[in-house]
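Visitor: I would like to hear the reasoning behind the labels people put on a model. Could you walk me through it?

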Amino acid sequence: MRKIVSLGAVASVGFLVAGCSQITVTSDTLVNGTARIADATTNAVKETSQGTTNTTRNSFAQTHKARKKFVHSQYAMLKSEAARGSGEDLDALAYMMQAKNKSAFESKVQANYSQLFSGKPNADAFLSRLYKVVGTPPDMAAAPGSGALAAS
């Protein structure tokens, strides 16, 4: 009888220890996953914050290079927000494009969603499509085929 009780006690301790290690593994996985998401967000912000905080005309934020970096890091969010027709990243892109009317810009992007987001374009290809839809930004006015960003 004592052996059965001892065996039961050892088994119980074993199950408790195994359960604790499972909880530790699960919580470590959650912490690591959350840390990866935080790192990705920090990197995206670091890459774009310098470009989106300067409000002077023709600032870094309003250049093709800045738009390219922004689209590269925020493409998934832009795609989601374009489908809805609004969002912070879409607002930022309107600013970077020097759109005179943000609402009209967002409406055009939403109306041309399938043309803009078909396939998996790289940042340059997406921006080329965007320039055709909403017009070429003033900082690229010397480029062939430039257009106005004024909403129609």
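**Helix α6 and its surroundings**

Guide: Gladly, and let's begin at the start of a helix. Asn122 caps the N-terminal end of α6, with a side-chain oxygen 3.1 Å from the backbone nitrogen of Asp124. Please keep in mind that this is a predicted model.

Visitor: What makes that pair of Asn122 and Asp124 atoms a polar contact?

Guide: An N and an O atom must lie within 3.5 Å. The oxygen of Asn122 and the nitrogen of Asp124 are 3.1 Å apart, so they meet that limit.

Visitor: How do you know that the span of α6 agrees with what a helix of 12 residues should have?

Guide: At 1.5 Å a residue, taken for one less than the number of residues, residues 123-134 should span 16 Å. The end C-alpha atoms of α6 are 16 Å apart, so the two agree. Just after the helix, Gly135 takes a positive phi of about 105 degrees.

Visitor: Why are the buried residues of α6 said to line one face?

Guide: They are Ala123, Phe126, Leu127, Leu130, Tyr131, Val133 and Val134. Seen down the axis of α6, they fall within an arc of 160 degrees, so one face of the helix holds them. In general, an α-helix has 3.6 residues a turn, so residues three or four places apart point the same way. The buried residues of α6 pack against α2, α3, α4 and α5.

Visitor: Why is Phe126 called buried?

Guide: Buried means under 20% relative accessible area. Phe126 has 1%, so the word applies. Phe117, at 4%, is therefore buried too.

Visitor: Why is the pair of Tyr75 and Phe117 called tilted?

Guide: Rings pair if their centres lie within 6.5 Å, and planes neither under 30 degrees nor over 60 apart count as tilted. Here the centres are 5.6 Å apart and the planes at 50 degrees, so the pair is tilted. Tyr75 in helix α2 and Phe117 in helix α5 are 42 residues apart, and the pair links distant parts of the chain. Phe117 also forms a tilted pair with Phe126, at 5.1 Å centre to centre and 40 degrees between the planes. Ring pairs link Tyr75, Tyr113, Phe117 and Phe126 into a cluster.

Visitor: Which residues touch the most other members of the largest nonpolar core?

Guide: Of its 23 residues, those are Val71, Leu93, Phe105, Val109, Phe126 and Leu130. Helix α6 gives the most to this core, with 7 residues.

Notes. Residues numbered from 1 in each chain as written. Predicted model: local features only at pLDDT ≥ 70, side-chain atom pairs only at ≥ 80, totals over all residues. Heavy atoms only, no water. Helix = DSSP H or I, 4+ residues; strand = E, 2+ residues; numbered from the N terminus. Buried < 20%, exposed > 50% of the residue type's maximum accessible area, 1.4 Å probe, protein only. Arc of directions from axis to C-beta. Contact = heavy atoms within 4.5 Å. Polar contact = N/O pair within 3.5 Å; in protein donor to acceptor, adjacent residues only side chain to side chain. Phe/Tyr/Trp six-rings, centres within 6.5 Å; stacked < 30°, edge-to-face > 60°. Core = buried A, V, L, I, M, F, W, Y, C linked by side-chain atoms within 4.5 Å.
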